[in-house]
Amino acid sequence: MEGGIRIAGAIVIPEGDGNETVTLLNASNRDVDLTGWAIANKVKQRYKLQGFIQPGQFMSIPIIGQSSGFLRNKGDIITLLDQRGLKVDGVSYTKHQVKPGWTVLF
């Protein structure tokens with residue numbers, strides 16, 4: 001079941017007062033409860049998730065409260081962890097893919 005959740009994109013440098021975001025896709029045929037799940041970066045910081053993602057739906061998650069920037073502008077690794085802390089999906093990007101206000105697609 002958890003294998004149906006994928007990292008679809010990320011806004012690394014938001015425009016204006018916006019937040020960095022990570023967008024997930026539920027490719028499965030069932031609702032998935034993200035309570036207890038987390039997004040992690042290369043330096044192992046974790047951002048906790050909550051809520052349900054419906055089948056076939058995208059969910060954009062604003063990264064709020066990370067004073068130094070959760071996603072690194074020079075490139076980073078984004079890992080999706082389930083409620084047990086196990087890796088469900090992982091992606092990476094380089095500084096050449098990052099443009100202000102644009103979504104990096106995975």
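Start your tour in the middle: select Val22, Leu24, Ile39, Leu49, Ile78 and Leu80, which touch the most other members among the 25 residues of the largest nonpolar core. Bear in mind as you look around that this is a predicted model. To see where the core residues come from, colour strand 1 (5–11), strand 2, strand 7, strand 8 (75–81) and strand 9 (87–94), the elements that each give two or more residues to this core. As a general background note, nonpolar side chains tend to be buried together in soluble globular proteins.

Stay with one of these residues for a moment. Which residues does Leu49 touch, not counting those up to four places away in sequence? Show its surroundings and you will find Leu24, Leu34, Thr35, Gly36, Trp37, Ala38, Ile39, Ile61 and Leu80.

**First sheet**

Next, select strands 7, 2, 1 and 10. In that order, these four strands make up an open sheet with antiparallel pairing. At its edges you will see strand 7 (58–63) and strand 10 (103–105), each pairing on one side only. Turn the view and look for the twist, which averages 30 degrees from one strand to the next.

Now walk across this sheet, beginning at the strand 7 edge. Strand 2 (residues 20–26) is joined to strand 7 by six bridges, and the two run antiparallel. Pick out Thr21, which lies in strand 2, and look across to strand 7, where Pro62 is its bridge partner.

Is Thr21 buried or exposed? Its relative accessibility is 13%, so Thr21 counts as buried, the cut-off being under 20%. Display its contacts to see what surrounds it: apart from neighbours within four places in sequence, Thr21 is in contact with Gly9, Ala10, Ile11, Ile61, Pro62, Ile63 and Leu71.

Move on to strand 1. Strand 1 pairs with strand 2 over six bridges, in the antiparallel sense. Select Ile11 and you meet a residue you already know, since the bridge partner of Ile11 in strand 2 is Thr21. Why is strand 1 described as largely enclosed by the rest of the structure? Because five of its seven residues are buried.

One more step brings you to the other edge. Strand 1 and strand 10 run antiparallel and are joined by three bridges. Keep Ile11 selected and add Thr103: this residue of strand 10 stands opposite Ile11.

**Second sheet**

Now select strands 5, 4, 8 and 9. Taken in that order, they form an open sheet of four strands, again with antiparallel pairing. Strand 5 (46–48) and strand 9 are the edge strands, each pairing on one side only. Here the twist averages 20 degrees from one strand to the next.

Zoom in on strand 4 (residues 38–40) and strand 8, which run antiparallel and are joined by three bridges. For an example of this pairing, select Ala38 and find Leu81, its bridge partner in strand 8.

**A stop in a loop**

Finish at Ile64, in the loop between strand 7 and strand 8. Which residues does Ile64 touch, leaving out those up to four places away in sequence? They are Asn19 and Tyr47. Try the distance tool on Ile64 and Asn19: the two residues are 45 residues apart along the chain, and their C-alpha atoms are separated by 6.6 Å.

Note on methods
Residues numbered from 1 in each chain as written. Predicted model: local features only at pLDDT ≥ 70, side-chain atom pairs only at ≥ 80, totals over all residues. Heavy atoms only, no water. Pairing = 2+ DSSP bridges. Axes fitted to C-alpha atoms, helices over the stretch in contact; angles between N-to-C directions. Buried < 20%, exposed > 50% of the residue type's maximum accessible area, 1.4 Å probe, protein only. Contact = heavy atoms within 4.5 Å. Core = buried A, V, L, I, M, F, W, Y, C linked by side-chain atoms within 4.5 Å.
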